[in-house]
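Colleague: I am new to this structure and would like a close look at one part of it, the place where one domain meets the other. Please begin with a single residue and work outwards from there.

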Amino acid sequence: MTASALPGTPPLLCLMGPTAAGKSAATLALAARWPIEIINVDSATIYRGMDIGTAKPSLEERARVPQHLLDIRDPAETFSAGQFRAEALALAEAIRARGRIPLLAGGTMMYFKALREGLDKLPQADAVLRAQLNARAAEIGWPAMHAELARVDPATAARLAPNDSQRIQRALEVHALAGRPMSELLTGQAPAPDAALRWANLSLEPSERAGLHARIEQRFDAMLEAGLVDEVRRLRAWPELGPELPSIRCVGYRQVWSYLAGEIHGAEMRGQAIAATRQLAKRQITWLRALPDRIAVDCLAADSTARVIDAAAPVLDAWTRAPG
């Protein structure tokens, strides 16, 4: 039985928001008032050696509040939404057993979706097949791979960009392993969410895009000043790493990787990284605004931290009153 299923246990609090919304500062403010442990809901901070470009919590911040699911994979490894869901729920139960409060915080909406809705039953990844797909893509390019996907799974291809290598690869992999289109497997096949799990969703969102865009630009410039290019240069020294991996495809990393490969100039790298981060934030905000049960806090407000504390207090106070 998970912690959330225990009689009288309050819902698990999720603190969500787009990149640069101030989630880290908000979690530290909450941890200063309640006995919280953070479960990071982030598909980039899981990687060791990727600190600056992921805005990973500093050692000082980690000393102030226990943080989980940081530095759990090498950049050459993968970490699925299913693996995240299993580890996050196990951590929540363990944190609750210690008499502390689990707080799920981050911006990877696919992970939050997995937590809330469960996962579709699709074939597991196949390393040999993926290597074959990558080799073919190296020969003909991902737009041509996208065209191949359109022939066997037009519904999935229609929702993917021609250069979305990670998702095109997965859709082709599923078709090869299952003998059926991924779109067909997904239709009506998702398992019912765990009825015992209840969620309280708190979302940091911008009241206007320009303010968030300014934050994104400032943050990326700060990353460059802090040594992001050198960080990616160290990653390029790993023989097993390449631009096709999920870790290197993270926003910011793939643009700096291209810059170091001589494919783009420095000004282009900066502009492309900022533009890609803005697009990421747009997708995150779109997903958040589709959640009917969220409590939204303006991340651009001068008193946003105080508003987060006020919004979270009913849930976190209920955790402190819950039976051990």
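**From one helix to the domain contact**

Modeller: Gln169 has a relative accessibility of 9% and counts as buried, because the cut-off for buried is under 20%. The model is a predicted one, and every value below is computed from it.

Gln169 sits in helix 8. Setting aside its neighbours within four places in sequence, this residue is in contact with Arg130, Leu133, Asn134 and Trp142. Another point of reference is Leu149, which is 20 residues away from Gln169 along the chain. Between the C-alpha atoms of Gln169 and Leu149 the distance is 9.0 Å.

Helix 8 covers residues 165–178, and Ser165 belongs to it. Ser165 is buried as well, at a relative accessible area of 4%. Once neighbours within four places in sequence are left out, the contacts of Ser165 are Trp142 and Arg249. Trp142 is therefore a residue to look for from two places in helix 8: it is in contact with Ser165, and it is also in contact with Gln169.

Arg249 leads to the other domain. The protein is split into domain 1, made of 12–119 + 191–321, and domain 2, made of 127–185. From the C-alpha centre of domain 1 to that of domain 2 is 27 Å. Domain 1 supplies 4 residues to the contact, and domain 2 supplies 6 residues.

Together the two domains bury about 340 Å², and carbon and sulfur atoms account for 39% of that area. On the domain 1 side, the residues that lose the most area to domain 2 are Glu244, Pro246 and Arg249. Those three together make up 88% of what domain 1 buries there.

The count of salt bridges between domain 1 and domain 2 is 1. A salt bridge joins the side chains of Arg249 and Asp164, with 3.9 Å from N to O. This distance meets the rule, because the rule asks for a side-chain nitrogen of Lys or Arg within 4 Å of a carboxyl oxygen of Asp or Glu. For polar contacts across the interface, the rule finds 1 residue pair, with both residues at pLDDT 80 or more. Sorted by kind, the domain 1 residues that touch domain 2 comprise 1 nonpolar, 1 polar and 2 charged.

Further along the chain from Arg249 comes helix 12, residues 253–260. Its buried residues are Tyr253, Gln255, Val256, Trp257 and Ser258. Among the parts that cover them are helix 11 (228–236) and helix 13 (266–289). Gly262, just after helix 12, has a positive phi of about 80 degrees.

Two other residues have a positive phi, although neither is a glycine. For Ala20 the angle is about 70 degrees, and for Leu69 the angle is about 65 degrees. Ala20 is part of the loop between strand 1 (12–16) and helix 1 (23–31), and is buried at a relative accessible area of 13%. Leu69 is in the loop between strand 3 (67–68) and helix 3 (81–97), and is buried at 6%.

To set the Arg249 and Asp164 pair in context, the count of salt bridges by the rule is 23. One of them joins the side chains of Lys56 and Asp51, with 2.8 Å from N to O. Lys56 is buried at 9% relative accessibility, whereas Asp51 is partly exposed at 36%. A network of salt bridges links Asp51 and Lys56 with Arg62 and Asp71.

Helix 4 (residues 109–117) holds a further pair: Glu117 and Lys113 are 4 residues apart there, so about one helical turn separates them. Their salt bridge has its closest N and O atoms 2.6 Å apart. Glu117 counts as partly exposed at 34% relative accessibility, and Lys113 counts as partly exposed at 39%.

Arg116 also takes part in a salt bridge, this one with Asp293, where the closest N and O atoms are 3.5 Å apart. Arg116 lies in helix 4, while Asp293 lies in the loop between helix 13 and strand 6 (294–298), so this pair ties together parts that are 177 residues apart in sequence. Asp293 is partly exposed, at 40% relative accessibility.

Note on methods
Residues numbered from 1 in each chain as written. Heavy atoms only, no water. Domains from an automatic or database assignment. Contact = heavy atoms within 4.5 Å. Buried area = accessible area lost by both parts, 1.4 Å probe. Polar contact = N/O pair within 3.5 Å; in protein donor to acceptor, adjacent residues only side chain to side chain. Nonpolar A, V, L, I, M, F, W, Y, C, P; charged D, E, K, R; others polar. Buried < 20%, exposed > 50% of the residue type's maximum accessible area, 1.4 Å probe, protein only.
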